[in-house]
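Work through the exercises below with the structure open. Try each task before reading its solution.

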Amino acid sequence: MNGTALVLGGGGPVGGAWLTGVLAGLTAGGIDLTTADTVIGTSAGAVFGARLASGEPARELYERQLADLDRVEMGITAAQTFRFLWAAMATRNPERSVRRLGHAALTARTTPAHDLSETVRTLLRDATTWPAQALRITAVDAETGSVEAFDAGSGLDLADAVAASCAVPLVWPPTAALGRRWIDGGTRSTGNLQLAAGHRQVLAVSPVPTAVGPHPSAQQQAAKLRAAGTHTTLITPDADARRAMGRNLTANARRPAAARAGHRQGAALAASVARTWPAEHTIGG
């Protein structure tokens, strides 16, 4: 096993705000996350993973949340929520669950595709091309339910890859790319820690540890990596962070508080992370 991986999970605008706080808190505590050999991003984690890998400091990602920048207006209706839950939870079979969601996404009436594309390009700011740092962006095939990880060699524009990873079923339309239709990379796993297999060291930050439906949790995926010999550190929201985040992860008003809670948690965990994150990957180490 070789190398280190930083795995950033999905969680909507509020979960993404908490994630930026954790990254900034870890960085303030002396952890240099930018030297990870591979960054793996899902949904909100794809947005901030792309920006981090492209050189935007974690502190700036965090401060923009406090300043109410990087807003995402999703406007999810009760009907959309009900249909999403019905599609995802009507079966205990993981493969069937994700295919049901994919079918629902393909047949739903949603906002125009260009709205998602424009939202993602705005969120990415200057990150319009794939960075030099190895970056993998997850998405799920809407028809087969298979998880894919796009990278610089996929023949896909970075913004299109991130849009595919953020295409929440029934809210945003599936993203058309490479002759296929793609939905949110967190549809069957909010973190996709399994894609970090083969790395010596994994640090995963997961705003929402469990996807809706009969799918493995981030904790289960972390345990599987550890069983295979990968040193895996998983950070999920603590009790204070969960209270700050609330239940509606699209509520922009909660983003500053969620970001602050994430920063406190990241700063508090920095010392323990530093003991396991390789010395050459630690500021001042």
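Three exercises on this predicted model follow.

**Exercise 1. Two leucines with positive phi**

Task: Classify L170 and L178 as buried, partly exposed or exposed.

Solution:
- Start with the backbone. L170 has a phi near 80 degrees, a positive value in a residue other than glycine. L178 is not a glycine either, and its phi is positive, about 55 degrees.
- Place both residues. L170 sits in the loop between α7 (158-166) and β5 (175-177). L178 belongs to the loop between β5 and β6 (180-184).
- Apply the cut-offs. Buried means under 20% relative accessible area, and exposed means over 50%. L170 has 3% relative accessibility, so L170 is buried. L178 has 45%, so L178 is partly exposed.

**Exercise 2. A hairpin**

Task: Describe how β3 pairs with β4.

Solution:
- Find the strands. β3 covers residues 134-141 and β4 covers residues 147-150.
- Get the direction. The two strands run antiparallel and are joined by four bridges.
- Pick a pair. I137 is opposite F150 in β4.
- Check the turn. Five residues separate the strands of this hairpin. G145 in the turn has a positive phi of about 80 degrees.

**Exercise 3. A helix crossing**

Task: At what angle do the axes of α3 and α10 cross, and which residues make the contact?

Solution:
- Take the axes. Those of α3 (residues 58-66) and α10 (residues 255-276) come within 8 Å and cross at roughly 145 degrees.
- List the contact. α3 supplies R59, Y62, R64, Q65 and L66. α10 supplies R255, P256, A259, R260 and H263.
- Sort by class. The contact of α3 with α10 has four nonpolar, two polar and four charged residues.

Technical notes. Residues are numbered from 1 along each chain as its sequence is written. This is a predicted model: local features need pLDDT of at least 70, side-chain atom pairs count only at pLDDT 80 or more; totals for chains, interfaces and linings use all residues. Side-chain values use heavy atoms; hydrogens and water are left out. Buried means under 20% relative accessible area, exposed over 50%, partly exposed in between (1.4 Å probe, protein chains only). Two strands pair if DSSP finds at least two bridges between them. Axes are lines fitted to C-alpha atoms, for helices over the stretch in contact, and angles run from 0 to 180 degrees between N-to-C directions. Contact means heavy atoms within 4.5 Å. Ala, Val, Leu, Ile, Met, Phe, Trp, Tyr, Cys and Pro count as nonpolar, Asp, Glu, Lys and Arg as charged, and the others, Gly among them, as polar.
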